[in-house]
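Colleague: Could you take a close look at one part of this model for me, namely the pockets and what lines them? Please begin with the charged side-chain contacts, as I would like to have those in view first.

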Amino acid sequence: MPKAIGLITANYTTASKDDVFSGRPVASMPYLGRYRLVDFALSNMVNAGIRSVGMIMPTNYRSLVDHVGSGKDWDLDRKNGGLFIMPGTAFGTSRTGARFLIRDLVQNKEFFIKNKEKYVVLSTANFVCNVDVKALIAKHEESGASISVLTKKAKCDGNIDVVTFDVEDGRVKGMKQGAKFGETVFLDYAVVERELLLELLDAFAAIDHLDLFEALNSELGRFRVMAIDFEGYMKPIFDKDSYFTANMDLLDPDVLTELADSRPVKTKAHDNPPAKYEPGAKVSNALVASGSRIYGAVQSSVLGRSVIVEEGASVRHSILMQGVVVKAGAQIENAIIDKNNVIPAGTELRGTDGDILYVKKN
Amino acid sequence: MLLAGGQGSRLGVLTSKVAKPAVSFGGKYRIIDFVLSNCANSGISTVGVLTQYRPYLLHAYLGTGEAWNLDERDGGVAILPPYATQTGGAWYAGTADAITQNIGYLEMQDPEYILILSGDQLYRMDYEDMLATHKANNADLTVAVMPVPWEEASRFGIMNCDDEGRILEFVEKPKEPKSNLASMGIYIFTADLLIKTLKEDAEDPNSSHDFGGDIIPKLLADGKRLYTYQFKAYWRDVGTVASFHEANMELLGAEPAFDLFAQDAPIMSNSSTRPPAFIGPKGSVDDSLVDNGCTILGQVEHSVISADVYVGKNAVVKDSILFPGARVEEGAVVINAIMAERSCVAAGATFGAADEDTVTLGDDAIVEKGE
């Protein structure tokens with residue numbers, strides 16, 4: 001019997017102006033050849049036995065609904081519970097930063113009232129990580145905290161989109177936007193008792209334009225918000241560079257195994273044949289999704305479903321999203337090629353290590 | 001009605017634990033996917049699957065039929081194993097007997113036409129076109145046939161027909177064939193006639209309850225309208241290890257005999273969602289199919305590699321078929337082999353040879369170095 005219900009806020013943008021994210025919600029961003037970012041949040045919850053998940057939708061929800069459907073691929077097509085597609089407030093979509101906008105939660109209060117499980121697990125969609133949510137709930141119960149948040153020490157500077165906590169002896173004393181090296185980053189996973197969440201929503205009704213954790217910032221004396229450290233691989237995806245790195249990191253088999261195998265990451269099933277490597281294909285250090293056909297050379301790259309790399313074409317240190325066709329002799333290096341682009345024969349597309357070239361969705 | 005109860009004993013260890021229709025094929029599929037996809041692509045939404053031999057994996061794989069869009073409230077996939085009645089129960093004793101024992105299912109569905117299929121053949125066919133031929137001929141029974149090389153005709157059930165395609169004579173494995181049109185074991189019956197004929201056949205103590213051996217000769221003798229439907233595209237009955245190996249290899253190359261990538265009639269499968277395949281920095285893959293979830297650190301050449309296969313550093317896999325979860329450890333060599341699910345060739349070991357018959361390794365079996 002699941003102890004918790006899940007809530008995924010899939011309706012916010014990032015502060016990044018990179019057009020990688022333009023026109024699609026971060027939650028439905030293709031990732032690692034065959035996933036969408038939301039798969040991690042959904043799978044993490046389902047792997048913990050959660051069978052009621054609410055998803056607050058962005059205004060441009062087409063791609064996301066197309067992907068999650070009835071929730072069947074995550075075992076969320078249930079008679080009781082299952083996947084709840086819920087509206088966000090219009091305000092929520094234009095705002096960056098706030099990820100658990102109180103107004104969004106209040107508008108969907110019904111979801112927290114109707115489902116009677118003891119806890120609510122909150123999550124966003126743009127952290128790539130394989131989290132043992134069951135253990136997270138257990139640690140939350142053990143500590144007796146009001147709210148538990150999943151955190152990790154930042155390994156780099158300057159991510160303005162993530163939230164960081166000021167933590168003393170495991171207890172959160174303050175929070176701010178943006179992360180510097182060594183600070184404690186909020187991974188956007190939190191556990192709270194359902195009854196308490198409902199109380200908070202009532203208490204914060206007057207400041208419903210704030211993020212839940214922004215509102216809690218001045219109440220940290222009253223509520224014990226405890227940080228739980230996450231030891232595994234995680235990557236926040238908020239801009240082009242973090243998106244690129246989060247793909248390339250997976251060319252390390254250890255990282256791939258941890259992220260994709262420690263607990264299953266479920267995604268929408270497709271009827272693609274296996275990838276086909278034609279005579280003479282040269283592929284090394286690459287991730288290749290099913291349905292692809294390779295005649296040319298691919299090195300240090302991530303290929304999505306049904307990508308075609310024709311004869312004499314070469315792809316190096318790049319991400320090709322699903323349906324991309326690289327015509328004969330074309331050369332691609334240090335680039336992200338978005339869905340369904342056809343790169344004409346003989347074309348050269350090159351970015352640099354420091355400035356990855358992006359070709360937008362066709 | 002899809003006959004999927006056969007053991008496929010000539011596939012040896014490959015069917016020691018699973019029924020032949022559930023045997024892995026083409027890197028991502030199980031053999032039954034091809035016929036189920038044909039049904040779905042032909043607009044057939046009610047399919048009874050008759051199972052008998054080692055059915056667990058097959059039943060689990062079929063599930064609700066959802067993977068082939070066959071999860072329908074009325075109809076859809078029905079799994080039909082042998083069952084007991086007030087007068088006892090019996091195994092399916094022949095292709096016709098299997099259908100006879102499920103006349104109750106046929107009466108419940110009450111179709112106008114009944115298509116009889118085998119769950120162990122590889123081909124793409126639009127059954128709707130075959131049904132149109134059946135209707136146009138005002139036939140009682142239509143048998144799908146395909147031309148086979150004359151020298152091989154004596155291995156098949158051969159149909160001798162007139163110019164209109166009406167069957168005059170059916171001969172099982174003729175010594176001196178008069179025609180090279182072989183039955184593919186795919187039949188469309190007008191439902192009422194099939195049910196009536198099966199009931200009569202069940203009463204006949206001399207019948208072996210087989211479509212080819214008993215039902216067709218009886219209908220011919222009764223002067224019924226039996227017609228052929230000529231099929232000329234790719235068709236394989238993967239009965240032996242050699243033909244199974246060959247059929248997999250026919251998926252490879254720039255212009256494969258059977259194109260898995262053809263867009264118009266996709267082959268659907270009940271596949272798991274796994275990450276993309278990882279080809280390591282020193283790995284190489286040439287002229288092969290590789291499904292998701294694989295880790296290829298060694299060399300793969302002219303092979304069919306299913307999901308979650310591991311090929312270690314400096315290992316070589318050539319002219320082989322690896323089923324889901326198979327492992328070829330570091331430095332091992334696998335040539336001209338079929339490795340069943342989760343089987344393993346240990347580090348430094350060798351399995352198979354280029355100039356010998358294709359070797360097979362059963363589910364979960366291990367080949368150690370020096371064996």
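Modeller: A salt bridge is taken here as a side-chain nitrogen of Lys or Arg within 4 Å of a carboxyl oxygen of Asp or Glu, and by this rule the count over all chains comes to 34. Please keep in mind that the model is a predicted one.

In chain A, one such contact joins E183(A) and K176(A), with 3.0 Å from N to O. Partly exposed covers the range between 20% and 50% relative accessible area, and E183(A) falls into this class because its value is 23%, as K176(A) does because its value is 36%.

In chain B, K196(B) and E200(B) form a salt bridge with an N to O distance of 3.5 Å; both belong to helix α6 of chain B, which runs over residues 191-203, and they stand four residues apart, about one turn of the helix. K196(B) is partly exposed, with a relative accessible area of 48%, and E200(B) is likewise classed as partly exposed, at 32%. A further pair is R327(B) with E329(B), whose side chains meet at 2.9 Å, N to O, and R327(B) counts as partly exposed at 34% relative accessibility. Beyond such pairs, K17(B), R30(B), E341(B), R342(B) and D364(B) are joined into one network by salt bridges that share partners.

Turning to the pockets, the largest one holds about 1,600 Å³ of space. It is lined by 47 residues, of which R10(B), S118(B), D120(B), Q121(B) and D237(B) are the closest to its centre. Two or more lining residues come from each of several elements of chain B, namely the helices α3 (95-100), α7 (211-221) and α8 (241-249) and the strands β10 (141-147), β12 (167-172), β13 (181-190) and β15 (235-237). The largest share, four residues, is given by β13(B). Sorted by class, this lining has 18 nonpolar, 18 polar and eleven charged residues.

The second largest pocket has a volume of about 650 Å³. Its lining consists of 25 residues, and the closest to its centre are K72(A), D73(A), A269(A), E66(B) and N270(B), so named residues from chain A and from chain B appear in that list. By class, the lining of the second largest pocket has six nonpolar, eleven polar and eight charged residues.

Definitions and conventions
Residues are numbered from 1 along each chain as its sequence is written. Chains are lettered from A and ligands numbered from 1 in the order in which they are written. This is a predicted model: local features need pLDDT of at least 70, side-chain atom pairs count only at pLDDT 80 or more; totals for chains, interfaces and linings use all residues. Side-chain values use heavy atoms; hydrogens and water are left out. Buried means under 20% relative accessible area, exposed over 50%, partly exposed in between (1.4 Å probe, protein chains only). On a 1 Å grid over the protein atoms alone, a cavity is a set of points where a 1.4 Å probe fits but cannot get out, and a pocket is an open set with protein on both sides within 12 Å along at least five of seven lines; lining residues have an atom within 4 Å of a point. Grid points are joined across faces, edges and corners, and a volume is the space filled by probe spheres set on the points. Ala, Val, Leu, Ile, Met, Phe, Trp, Tyr, Cys and Pro count as nonpolar, Asp, Glu, Lys and Arg as charged, and the others, Gly among them, as polar.
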